[in-house]
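Q: Could you take me on a close look at one loop residue in this protein? I would like to know how its surroundings fit into the whole chain.

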Amino acid sequence: MVNGRQKGAGFERRIGNMLMDELGIKFYRNLEQYRTKDLGDLICDVDFPFIIECKIRGKGTTYSMDWWDQVTTATIGTDKLPVL
């Protein structure tokens with residue numbers, strides 16, 4: 001059986017590495033997301049205009065509306081845009 005938390009953490013690291021390769025900005029997993037509700041998955045040291053929520057699905061390519069609601073809620077009170 002696959003550990004969902006490990007699967008998600010690995011995907012977040014992979015996306016962070018891809019962003020580093022493309023943008024030259026180092027992204028870190030936001031470990032505070034496990035203690036505080038409504039935070040994005042990836043953060044960086046520069047003022048980045050997006051809140052990033054990373055989700056991986058075993059099959060298919062569609063997203064869940066709950067995921068979109070989660071990332072849009074995380075942007076409330078910020079001047080950032082949601083990215084899923």
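A: Happy to. Let's start with the whole chain and then zoom in. The secondary structure of the protein chain comes to two helices and four strands, and this is a predicted model. Read from the N terminus, the elements follow the order α-β-β-β-α-β.

Now for the overall dimensions. The C-alpha atoms occupy a box of roughly 40 × 30 × 25 Å along the principal axes. The radius of gyration is 13 Å, which agrees with the value near 12 Å that a compact globule of 84 residues would have. Of the 84 residues, 26% count as buried. The accessible surface comes to about 6100 Å², and carbon and sulfur atoms contribute 54% of that. Looking at contacts between residues at least 6 apart in sequence, 37% join residues at least 24 apart. As for charge, the chain has 12 positive and 12 negative charges, and their mean positions lie 9 Å apart.

With that backdrop, here is the residue to look at closely: Asp-45. You will find Asp-45 in the loop between strand S2 (42–44) and strand S3 (50–52). Asp-45 counts as exposed because its relative accessibility is 68%, and the cut-off for that class is over 50%.

Exposed as Asp-45 is, it still has partners from elsewhere in the sequence: setting aside neighbours within four places, Asp-45 is in contact with Lys-26 and Tyr-28. With Tyr-28 there is also a side-chain link, a polar contact of 3.3 Å. Tyr-28 falls within strand S1 (27–29), so if you are following along in the viewer, that strand is a handy place to look for the partner of Asp-45. For another distance to check, try Leu-19, which is 26 residues from Asp-45 along the chain; the C-alpha atoms of the two are separated by 13 Å.

While you are in this region, have a look at the loop before S2 as well. Asp-38 is located there, between strand S1 (27–29) and S2. Its backbone deserves a glance: Asp-38 has a positive phi of about 65 degrees, although it is not a glycine. Most residues other than glycine have a negative phi. Asp-38 counts as partly exposed because its relative accessibility is 31%, whereas Asp-45 is classed as exposed.

To draw the view together: Asp-45 sits in the loop between S2 and S3, and its side chain makes a polar contact with that of Tyr-28, while Lys-26 is also among its contacts.

Technical notes
Residues numbered from 1 in each chain as written. Predicted model: local features only at pLDDT ≥ 70, side-chain atom pairs only at ≥ 80, totals over all residues. Heavy atoms only, no water. Rg over C-alpha atoms; globule rule 2.2 N^0.38 Å. Buried < 20%, exposed > 50% of the residue type's maximum accessible area, 1.4 Å probe, protein only. Contact = heavy atoms within 4.5 Å. Areas by Shrake-Rupley, 256 points an atom, 1.4 Å probe, with all protein chains shown as cover. Lys, Arg positive; Asp, Glu negative; His and termini not counted. Charge placed at Lys NZ, Arg CZ, Asp CG, Glu CD. Polar contact = N/O pair within 3.5 Å; in protein donor to acceptor, adjacent residues only side chain to side chain.
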